[in-house]
Amino acid sequence: MDLKQLVSHAKEYGFIYQSSEVYDGLSAVYDYGPNGVELKNNIKQYWWRAMVQMHENIVGLDSAIFMHPTIWKASGHVDAFNDPLVDNKDSKKRYRADVLVEDHIVKIEGKIEKEVKKAMKRFGEDFDEEKFKSEHPRVSGYVDQITSIKSRLKETIESGDLEGLRQLIVDLDIADPVSGSRNWTEVRQFNLMFNTQLGNVAGEEGKLYLRPETAQGIFVNYLNVQKTQRMKIPFGIAQIGKAFRNEIVARQFIFRMREFEQMEMQFFVRPGEEMKYYQEWKAQRMAWHLALGTPEDNLRFHDHDNLAHYANAAVDIQFKFPFGFKELEGIHSRTDFDLKQHEDFSSKKLQYFDPELQENYTPYVIETSIGVDRMFLAMFSNSLVIEEVPDADGKSSERTVMKLHPALAPVKIAILPLLKNKPELTKKAKSVFDQLKLDFNCQYDEKDAIGRRYRRQDAIGTPYCVTIDFDTLEDDSVTIRDRDSLEQRRISIDEINSVVQKGISWPTL
Ligand code: GAP
């Protein structure tokens with residue numbers, strides 16, 4: 001499905017609403033509806049279980065959003081958490097200068113693709129794409145253009161040459177996508193942190209930031225956790241929480257938001273052993289994604305081309321979103337940079353005493369960091385399909401179904417009395433609902449024909465539906481329907497609990 005279809009499904013079925021919609025919305029901020037909050041909580045639970053519950057040496061933390069402002073000086077966010085910004089003087093629209101250039105590259109890539117498709121048709125089976133790209137004069141020209149643009153972009157970004165970046169936009173003759181105007185301002189650095197003011201302190205002194213990542217809360221607490229929990233290296237601290245970034249370009253629904261949630265884990269290791277753990281975490285995190293049934297073709301590793309100054313290795317797990325492969329999760333080997341910075345800025349020792357080595361050192365850190373909302377979008381786009389299925393009369397009909405892993409499904413089971421106006425059926429169905437609600441998130445639904453009720457549950461990914469009919473009154477049996485196979489079978493009311501429990505169990509890792 002394309003992004004437009006996902007957005008409209010998310011709204012229609014109570015997953016995601018635009019924030020402040022009655023006031024025409026607030027850009028890049030979203031609210032999660034009744035089904036959305038359930039799916040989101042299940043994603044968080046899956047991550048927490050995999051990190052904290054499944055690892056004896058990983059513990060949890062919930063640090064505050066507000067932190068001492070010097071933390072952000074130490075971490076480098078005050079000085080360097082910037083994006084290059086450019087305004088169009090005519091449309092008054094604001095853009096990320098590097099994204100304008102990247103979008104230009106995408107356009108050239110589109111031209112190459114067009115030529116390749118045409119040639120494929122012409123040459124059929126014998127077509128050699130790489131040879132064609134290097135030998136066809138127009139196409140090889142496009143390829144050279146891209147190489148040269150990428151190299152200039154990299155050079156200007158790495159050296160902080162904002163004038164050079166503007167010149168690149170001018171040289172490429174890039175126009176404002178809204179107005180078509182080429183009347184650009186200078187390129188300026190724009191800090192992505194939101195700030196606010198502490199109540200009783202005026203001016204710069206009282207300036208507070210909304211955290212742009214949860215990780216720093218872990219770094220500044222690592223010794224508290226280590227000492228109070230008697231943790232021995234290697235050990236990890238996991239945290240789920242809100243983060244805020246004043247993104248210049250906020251597009252693609254919940255992919256890039258200004259208020260979002262992160263699930264981050266910092267793993268503290270001996271200096272020199274970080275690459276071993278980096279490789280282990282890469283494998284573990286990929287296994288976590290695959291265990292949900294995400295097709296391998298939709299996930300890939302992407303090594304960072306340019307390493308941040310504090311990292312000695314970094315990789316993204318990318319997911320194939322409707323708008324292409326993009327970062328879903330980051331795995332970074334952050335060396336001892338953050339802890340050393342906090343030692344310098346706080347003048348406190350943040351060293352760990354290793355009882356085996358009988359020495360003090362500043363641990364190295366492997367970080368895994370994934371956005372809850374991005375994971376939500378990945379699961380949404382992975383699972384939502386339109387398919388042809390046989391209806392009650394054996395004819396084929398279309399259904400929209402969310403084939404979510406059952407453990408993530410917002411509602412686990414729907415309880416449906418066959419007829420609404422038969423009190424004996426609705427009473428029995430409500431008693432089944434009362435029995436099941438103790439263990440599962442259930443939904444009772446008596447409105448409309450049974451087929452329509454099934455379709456409503458399919459659309460939100462409910463793995464099971466049980467129907468209460470006249471036989472139920474006789475023998476306490478129900479029809480249970482499986483979302484994916486559409487199989488319907490009779491089981492006794494007493495068995496429902498164990499069937500559902502088995503069907504919705506967490507993926508094994
Ligand atoms: N502590 C490391 C860190 O924050 P990051 O790559 O900037 O690294 C980690 O962010 C993850 O957070 C990303 O892989 C993405 O899933 C999520 N994320 C980052 N910015 C986001 C945004 N504006 N909206 C939604 N999710 C975002």
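Domain bounds here come from an automatic or database domain assignment. On that basis the protein splits into domain 1 (33–73 + 192–396), domain 2 (82–189) and domain 3 (411–503). This is a predicted model, in which local features need pLDDT of at least 70, side-chain atom pairs count only at pLDDT 80 or more, and totals for chains, interfaces and linings use all residues. Residues are numbered from 1 along each chain as its sequence is written, and side-chain values use heavy atoms, with hydrogens and water left out.

Let's look at the ligand. Its shell holds 21 residues (each with a heavy atom within 4 Å of the ligand). Glu213, Arg245, Met257, Glu264 and Glu327 come nearest. The table lists some polar contacts, meaning pairs of N or O atoms within 3.5 Å.

| Ligand atom | Protein partner | Distance |
|---|---|---|
| nitrogen | Met257, polar backbone atom | 2.8 Å |
| nitrogen | Glu264, side-chain N or O atom | 2.5 Å |
| oxygen | Gly371, polar backbone atom | 2.9 Å |

The protein covers 91% of the 550 Å² of accessible area (Shrake-Rupley method, 1.4 Å probe) that the ligand has on its own. Strands, taken as DSSP runs of E with at least two residues and numbered from the N terminus, also feature here: E10 (259–269), E13 (324–333) and E16 (364–371) each give two or more residues to the shell. E13 gives the most, with five residues.

Now for the domains. The C-alpha centres of domain 1 and domain 2 lie 31 Å apart. Six residues of domain 1 are in contact (heavy atoms within 4.5 Å) with 10 residues of domain 2. Together these two domains bury about 630 Å² (accessible area lost on being put together, 1.4 Å probe, summed over both), and 58% of that is on carbon and sulfur atoms.

Note on methods
Polar contact = N/O pair within 3.5 Å; in protein donor to acceptor, adjacent residues only side chain to side chain. Helix = DSSP H or I, 4+ residues; strand = E, 2+ residues; numbered from the N terminus.
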